[in-house]
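Open the model in your viewer and keep the sequence panel visible. Each stop below says what to select and what is found there.

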Amino acid sequence: MSLFLCLFSLALYSAGSLAAPSPSQNIILRDLAVPRFFGAAANTTFLFHDVNYTKVIETQFSIFTPENEMKWESIEPEPNGFDFTAADEIVRFAESVNAKVRGHNFMWGNQLPPWVNDTLSATELDRALKNHITTIMDHYRGKLYSWDVINEMISDNTPNETFKDNIWTQKFGEEAMPKALTYARAVDSQPKLYINDYSIEGINSKSDALYSVVSSFLADGVPVDAIGFQCHFTLGQIPDTLQENLQRFADLGLDVAITELDINLMGPSNATALEQQAKDYWTVVNACVQTKRCSVWGVSDDHSWIPNGSVLPWNAEKQPKPAFYAIADAFEGKPEP
Ligand code: XIL
């Protein structure tokens with residue numbers, strides 16, 4: 001994940017008062033995105049510690065996802081021992097800039113503390129999951145737009161296997177996802193409940209598996225409101241069927257969102273690569289804009305979870321890359337650059 005940068009004030013910070021005004025000074029992506037949200041991963045390691053990062057995210061985005069602060073190992077490191085400090089910081093920051101927050105996440109195979117991953121019986125794990133979801137949703141009642149209740153639970157070996165092998169499926173089998181979704185809805189009916197995953201962006205075996213799982217949830221009354229498409233892409237490899245795929249999930253009555261967009265150059269950051277990256281960003285944002293019920297978000301290069309991939313619309317100097325302008329163009333309905 002990452003964050004979106006750039007701005008007139010940033011250009012002045014980094015280049016001094018004699019610098020020419022940045023051409024991007026009047027472009028505010030969150031405004032261009034309306035009625036959609038334009039978001040970023042927010043990370044307390046950088047928030048208020050890197051002034052340029054903070055300037056960008058407080059200006060350009062209308063929704064934030066805590067990059068790590070609400071993951072199980074961070075927020076409940078010990079049994080029933082909750083630490084909301086870092087997560088609260090992001091929620092307060094978002095409120096101060098009139099932005100929304102996506103909770104991330106409840107059920108995932110990664111970033112679990114050992115006591116959850118290694119030690120509990122099925123009954124104890126069930127109790128721990130319910131307590132985790134209930135305590136956190138109570139704490140943030142009325143404050144969050146949505147929750148990634150489910151993260152990365154579909155297998156990479158579809159169609160042979162539907163669900164990923166992790167502690168949740170080992171203990172609960174195919175009941176794992178419905179359990180978490182049902183607990184979440186019982187606590188608070190307001191936040192939109194998401195299933196979030198990767199490699200489900202195009203029409204393929206994995207997205208087909210998710211489509212059939214979600215269709216059965218809807219038929220059985222399992223609460224789910226939306227699908228998050230992570231969109232961790234490689235340069236020049238945006239699936240042709242992205243828009244069609246978003247639309248088929250939207251046609252089930254679900255919201256769809258681009259949740260973790262970044263595009264890895266997989267090589268040097270030269271003019272040709274940056275132009276292709278701009279086209280790719282345009283393609284993704286345009287697909288979302290063309291899809292009813294879609295919202296989008298993204299984030300910046302130097303603080304990305306993918307080192308050296310130059311994956312974001314701003315460079316390490318916090319200057320806008322061609323991708324920044326391409327995103328603005330897509331929101332404004334202008335053609336691909
Ligand atoms: C990543 C964070 O960006 C890193 O800082 C952390 O070390 C590992 O997790 N899919 C997700 C995110 O849903 O939570 C992951 O975030 C990236 C992949």
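The tour starts at the ligand, passes through the core, and ends at some backbone features. The model is a predicted one.

**The ligand**

Select the ligand and the 13 residues around it; Glu67, Lys71, His104, Asn151 and Glu260 come nearest. Three side chains can be checked with the distance tool. Lysine 71 places a side-chain N or O atom 2.8 Å from an oxygen atom of the ligand. For asparagine 68, the corresponding distance from a side-chain N or O atom to a ligand oxygen is 3.0 Å. Asparagine 151 has a polar side-chain atom 3.0 Å from an oxygen atom of the ligand. The ligand taken alone exposes 410 Å², and the protein buries 79% of that.

**Glutamate 260**

Stay at the ligand and select Glu260, which the unreviewed UniProt entry annotates as "active site". Glutamate 260 sits in the loop that runs between β8 (255-258) and β9 (262-264). Is glutamate 260 buried or exposed? Its relative accessibility is 8%, so glutamate 260 counts as buried. Now add asparagine 196: its side chain and that of glutamate 260 are joined by a polar contact of 3.1 Å.

**The core**

Next, show the nonpolar side chains. The largest nonpolar core has 99 residues, and Phe64, Tyr140, Trp168 and Ile195 have the most contacts inside it. In soluble globular proteins, nonpolar side chains tend to be buried together.

Center on phenylalanine 64. Leaving aside residues up to four places away in sequence, phenylalanine 64 touches ten-odd neighbors that can be picked by name, including Ile57, Phe93, Val97, Val101 and Arg102. From there, move to phenylalanine 93 in helix α5 (residues 85-96). Phenylalanine 93 counts as buried because its relative accessibility is 3%. Among the residues it touches, not counting those up to four places away in sequence, are Leu47, Phe48 and Glu58. Phenylalanine 93 and glutamate 58 are 35 residues apart in sequence, with their C-alpha atoms 8.4 Å apart in space.

Then select serine 62, in the loop between α3 (51-60) and β2 (63-66). With 8% relative accessibility, serine 62 counts as buried. Its contacts, not counting residues up to four places away in sequence, are Arg30, Arg36, Phe37, Phe38, Ala99 and Lys100.

**Helix α13**

Color residues 322-331 to see helix α13, where 8 of the 10 residues are buried. Ala323, Phe324, Ile327 and Phe331 are among the buried ones. Just after α13, select glycine 333, which has a positive phi of about 75 degrees.

**Cis peptides and positive phi**

Which residues are joined by a cis peptide bond with omega of about 10 degrees? They are valine 34 and proline 35; proline 35 is in the loop between α2 (29-33) and β1 (38-42). Another cis peptide bond, with omega of about 0 degrees, joins histidine 104 and asparagine 105. Asparagine 105 belongs to strand β3 (residues 100-107).

Two stops remain. Methionine 266 has a positive phi, near 55 degrees, and is not a glycine. It lies in the loop between β9 and α12 (271-290), and at 60% relative accessibility methionine 266 counts as exposed. Asparagine 308, also not a glycine, has a positive phi of about 65 degrees. Asparagine 308 is in the loop between β10 (294-297) and α13, and its 75% relative accessibility makes it count as exposed.

Methods. Residues numbered from 1 in each chain as written. Predicted model: local features only at pLDDT ≥ 70, side-chain atom pairs only at ≥ 80, totals over all residues. Heavy atoms only, no water. Core = buried A, V, L, I, M, F, W, Y, C linked by side-chain atoms within 4.5 Å. Buried < 20%, exposed > 50% of the residue type's maximum accessible area, 1.4 Å probe, protein only. Contact = heavy atoms within 4.5 Å. UniProt positions renumbered as here; feature names shortened; annotations may be inferred. Helix = DSSP H or I, 4+ residues; strand = E, 2+ residues; numbered from the N terminus. Polar contact = N/O pair within 3.5 Å; in protein donor to acceptor, adjacent residues only side chain to side chain. Near = heavy atom within 4 Å. Areas by Shrake-Rupley, 256 points an atom, 1.4 Å probe, with all protein chains shown as cover.
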